[in-house]
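Please find below my note on the structure, set out as numbered points. The remarks begin with a sheet and then turn to the rings, the chain as a whole and a hairpin.

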Amino acid sequence: MPRIGSQYLLQPIINNCLGPKLVRPSSFPLPLSPSGSGSYPPGGERLLLLLRTHPSSPIRPIASAASLPPPPTPNEVHIKVTMDRLADAAHLMIVSDLDHTMVDHHDPENMSLLRFNALWEANYRDNSLLVFSTGRSPTLYKELRKEKPMLTPDITIMSVGTEITYGNAMVPDDGWVEFLNQKWDRKIVTEETSKFPELTLQSHTEQRPHKVSFYVQKDKAQDVIKALAARLEERGLDVKIIYSGGMDLDILPQGAGKGQALAYLLKKFKAEGKSPNNTLVCGDSGNDAELFSIPEVYGVMVSNAQEELLQWHAANAKDNSKIIHATERCAAGIIQAIGHFNLGPSVSPRDVTDLSDSKLDDFDPAYEVVKFNLFFERWRRAEVEKSELYLANMKAVCCPSGVLVHPSGIEKLLGDCVNAFRTCYGDQQGKGYRVWVDQVLPTQVGSDSWLVKYKKWELSGEKQKGCLTTVLLSSKGVSVPEGLTWVHVHQTWLDGAGPTDDSSWFF
């Protein structure tokens, strides 16, 4: 049986559905009100100390193979898939801290994050790379993903730059692990730190192969750090000790850190001939300073940046025009930086009042997907007028014989799904209901057709559900202002993300 992506299978569906030219209004009006971000009280004082016990660390040479190279390991295969997702160099690579940078913990509506999500999926996902760089361990990172409407990054840097993983499966980079193993012995670190009663071990989730983490009182921190650094140097280790937040002490290999991890990635991309056209780093605290030290990158310190990062900037990079202090908080500041540096589109679809006036130059499947789902959210939140015109326009962008395969397995005509919208108008008003899409990846499968695969998520109160969605879109018989036609939609529940009641999922 041919794959669904085969033109031989898809083209008859398109021809049958779109034989005569559809007559529809000039567009699909979606009045979406712009949203601002809330205020954020200044955070507490944080202190960052970096100590290295040796002035330099020689890089261990890699032995050459005697004959043919060995076959790639499963991890190497997964990494290559991520590195090769883009045929050419990334238009833009964003490398962002999470807590208080991409994620605003003082924004209960998560509006700045959702604005960024819509902008990224509509304009950047298919030609750019998203990298999260966080101090969180994998355990705490996964917890944050359950709590916030976050996108899936292409690459994740965790545990203060000691772990690099790729793709949905979060496959570790064995080359980075090997590099960090140089002059690092976790057992020795554990032995020496046990001699300091001032140090309190953090939870087991924060103890990683190349990171040992403690709590220490601020008034004892500097003395402990100096004594501990001397002990570890005597034992032959080359380490980095980071003290931040007035209580957190992390011990890492000297080669670790957010900046070194980014430098490592950039070197890998350069070796593949795919250095990103532009790189934007984003942060709010002292342990993000290393990101801004990488040559040639653009940088944004979000408006709520901690004093320690601002002091570092004043001392080290105040004359660097490629680094700005945004006037917007968190993800809104990242959007502001994209516009400031002219790195690409910087108006989120969530900030557009009338998406029908988008003035696209060509058909844009990703934008169509984002726009359609934004309207669905606004309809159920009663943030648009309950008008038959909207429903008529929605029907106009659906193929008359188009089918939705519901996650439950039931097939429905797309027109019937639109009719069902009458019953759900405003049903999520006041319930914190949000819709966002993730990993929107279009593939052109014919001269006038695209297959778009993405994850659709819905949040209502504390209940979150999601499905993997595949959509067939066609430009046959329509103009760019009219928009693409939805020919077929197939949805499948994501693992552990399905609801107990299928009837609550409309589209």
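1. In this predicted model, eight strands make up an open sheet of mixed pairing, and their order across it is β6-β5-β4-β3-β2-β11-β12-β13. The sheet is bounded by the edge strands β6 (171-172) and β13 (323-325), each of which pairs on one side only.

2. Within that order, strand β11 (residues 279-283) and strand β12 (residues 298-301) pair in the parallel sense, with four bridges between them, and Gly283 is found opposite Met301 in β12. Strands of a sheet pair through backbone hydrogen bonds, either parallel or antiparallel.

3. Helix α11 (residues 330-340) lies across β2 (93-96), β11, β12 and β13, and it runs at about 150° to β11. A charged side chain may also be noted here, for Lys322 lies over the face of Tyr298, at 5.0 Å from the ring centre.

4. The model holds 13 aromatic pairs. One of them joins Trp176 and Phe179, whose ring centres are 5.4 Å apart and whose planes meet at 25°; because planes under 30 degrees apart count as stacked, this pair is stacked. The two residues are three apart in helix α5 (residues 174-180), so about one helical turn separates them. Is each partner buried or partly exposed? Trp176 has 2% relative accessibility and so counts as buried, whereas Phe179, at 27% relative accessibility, counts as partly exposed.

5. For the rings of Phe375 and Trp379, the centres are 5.7 Å apart and the planes lie at 40°, so the pair is tilted. These residues are four apart in helix α12 (residues 365-380), so that about one helical turn lies between them. Both Phe375 and Trp379 are buried, and ring pairs link them with Tyr390 and Tyr425 into a cluster.

6. Taken as a whole, the chain has a secondary structure of 14 helices and 19 strands, and buried residues account for 53% of its 507 residues. Among contacts between residues at least 6 apart in sequence, 70% join residues at least 24 apart. The accessible surface of the chain comes to about 22500 Å², and 53% of this area belongs to carbon and sulfur atoms.

7. Strand β14 (residues 398-405) deserves a separate point. This strand is mostly covered, in that six of its eight residues are buried. Which strands does β14 join, and in which sense do they run? Four bridges join β14 to strand β19 (residues 485-493), and these two run parallel, with Leu404 standing opposite Val489 in β19. Three bridges join β14 to strand β15 (residues 411-413), and here the strands run antiparallel.

8. The pairing of β14 with β15 can be followed to individual residues, since Val405 has Glu411 in β15 as its bridge partner. The two strands form a hairpin with five residues between them, and Gly409, which belongs to the turn, has a positive phi of about 100°.

Methods
Residues numbered from 1 in each chain as written. Predicted model: local features only at pLDDT ≥ 70, side-chain atom pairs only at ≥ 80, totals over all residues. Heavy atoms only, no water. Pairing = 2+ DSSP bridges. Contact = heavy atoms within 4.5 Å. Axes fitted to C-alpha atoms, helices over the stretch in contact; angles between N-to-C directions. Phe/Tyr/Trp six-rings, centres within 6.5 Å; stacked < 30°, edge-to-face > 60°. Buried < 20%, exposed > 50% of the residue type's maximum accessible area, 1.4 Å probe, protein only. Lys NZ or Arg CZ within 6 Å of the ring centre and 35° of its normal. Areas by Shrake-Rupley, 256 points an atom, 1.4 Å probe, with all protein chains shown as cover.
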